[in-house]
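The exercises below ask you to read a protein model step by step. Try each task with the structure in view before you turn to its solution.

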Amino acid sequence: MSLLLPDTDATTALGRRLATLLRAGDLVLLTGGLGAGKTTLTRGLGAGLGVRGAVTSPTFVIARVHPSLVGGPELVHVDAYRLGGAAELDDLDLDSELDEAVTVVEWGAGLVEGLADDRLEITLTADPATEARTLEVVGVGDRWAGVDVEAHLRDEGSDR
């Protein structure tokens, strides 16, 4: 499925809607160039999940954990851009927290697919002339087989 997001507010709002589908154990893989909206989408996820702390790019710290303020799963936000490969990803020990958290990995394509059989793969593409982005999402595995992600994300009335 593909959605056009006209600006950063729409990207954040879509993240909030997506959060209502997510549960502990979910892995979300975000792909896109610099400025494509990966962290903006994750900021919306954090707001929708009701987590503590400002969701900002974890580029230099590699990973941030945002505990839930509402009794839901924590958000583990990872930026794999600076990782040198699978061994450095393994050093983060993400698989030990995977079952208890919603884990979002930016720049993780080719690195994190082995963490879980089930995941959402989201690609964001920015239009350099505007703030618009195109979002493509694919559900992988049994977890997403019966979930109509497209209908849920298109339903703007499902924002929290």
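The model is a predicted one, and we begin with a single residue: Arg-119 has a relative accessibility of 11% and therefore counts as buried.

**Exercise 1. Which residue meets Arg-119 in a salt bridge, and how far apart are the N and O atoms?**

Solution. Begin at the side chain of Arg-119, which meets the side chain of Glu-121 in a salt bridge with an N to O distance of 2.7 Å. Next, consider how the partner is classed: buried requires a relative accessible area under 20%, and Glu-121, at 25%, counts as partly exposed. The pair thus joins a buried residue, Arg-119, to a partly exposed one, Glu-121.

**Exercise 2. How many salt bridges does the model hold, and where do the partners of Arg-143 and Arg-154 lie?**

Solution. The count comes to three salt bridges, and one of them was treated in the exercise above.

Take Arg-143 next, whose side chain meets that of Asp-26 at 2.9 Å, N to O. Arg-143 belongs to helix H4 (residues 142–145), while Asp-26 sits in the loop between H1 and strand E2 (27–31), so the bridge ties together parts that are 117 residues apart in sequence. Both ends are buried, since Arg-143 has a relative accessibility of 13% and Asp-26 has a relative accessible area of 4%. Arg-143 also lies over the face of Trp-144, at 3.9 Å from the ring centre.

Now turn to Arg-154, which forms a salt bridge with Glu-150, the closest N and O atoms being 2.9 Å apart. These two residues are four places apart in helix H5, and are therefore separated by about one helical turn. An α-helix has 3.6 residues a turn, so residues three or four places apart point the same way. As for accessibility, Arg-154 is partly exposed at 43%, and Glu-150 is partly exposed at 33%.

**Exercise 3. What span should the 12 residues of helix H1 have, and what is the distance between its end C-alpha atoms?**

Solution. Helix H1 covers residues 8–19, and at 1.5 Å a residue its 12 residues should span 16 Å. The expected span is 1.5 Å times one less than the number of residues, which is why the multiplication does not use the full residue number. In the model the end C-alpha atoms of H1 are 17 Å apart, which agrees with the expectation.

The N-terminal end of H1 is capped by Asp-7, which places a side-chain oxygen 3.2 Å from the backbone nitrogen of Asp-9. Along H1, the buried residues include Ala-10, Leu-14 and Leu-18, and the buried residues of this helix pack against strands E1 (2–5), E6 (119–126) and E7 (133–140), as well as against helices H2 (38–49) and H5 (149–154).

**Exercise 4. How many of the 12 residues of H2 are buried, and what do these buried residues pack against?**

Solution. First check the length: H2 reaches 16 Å from its first C-alpha to its last, close to the 16 Å expected for its 12 residues. Then look at burial, where 10 of the 12 residues are buried, so H2 is largely enclosed by the rest of the structure. Among them are Lys-38, Thr-42, Leu-45 and Leu-49. Their packing partners are H1, E2, strand E4 (74–79), strand E5 (101–106), E6 and E7. Just after the helix, Gly-50 takes a positive phi of about 70°.

**Exercise 5. Is Val-137 buried or exposed, and how does Thr-56 compare with the classes of accessibility?**

Solution. Val-137 has its place in strand E7, and its relative accessible area of 7% makes it buried. Leaving out residues up to four places away in sequence, Val-137 touches Met-1, Leu-120, Glu-121, Ile-122, Val-149 and Leu-153. One of these, Glu-121, is the salt-bridge partner of Arg-119.

Thr-56, by contrast, lies in the loop between H2 and strand E3 (63–66), and at 33% relative accessible area Thr-56 is partly exposed. With the same residues left out, Thr-56 touches Thr-39, Arg-43, Arg-64 and His-77. With Arg-64 there is in addition a polar contact of 3.1 Å, which joins its side chain to that of Thr-56.

Note on methods:
Residues are numbered from 1 along each chain as its sequence is written. This is a predicted model: local features need pLDDT of at least 70, side-chain atom pairs count only at pLDDT 80 or more; totals for chains, interfaces and linings use all residues. Side-chain values use heavy atoms; hydrogens and water are left out. A charge sits over a ring if NZ of Lys or CZ of Arg is within 6 Å of the ring centre and within 35 degrees of the ring normal. Buried means under 20% relative accessible area, exposed over 50%, partly exposed in between (1.4 Å probe, protein chains only). Contact means heavy atoms within 4.5 Å. A polar contact is a pair of N or O atoms within 3.5 Å; within protein, one must be able to donate a hydrogen and the other to accept it, and residues adjacent in sequence count only if both atoms are side-chain atoms. A salt bridge is a side-chain nitrogen of Lys or Arg within 4 Å of a carboxyl oxygen of Asp or Glu.
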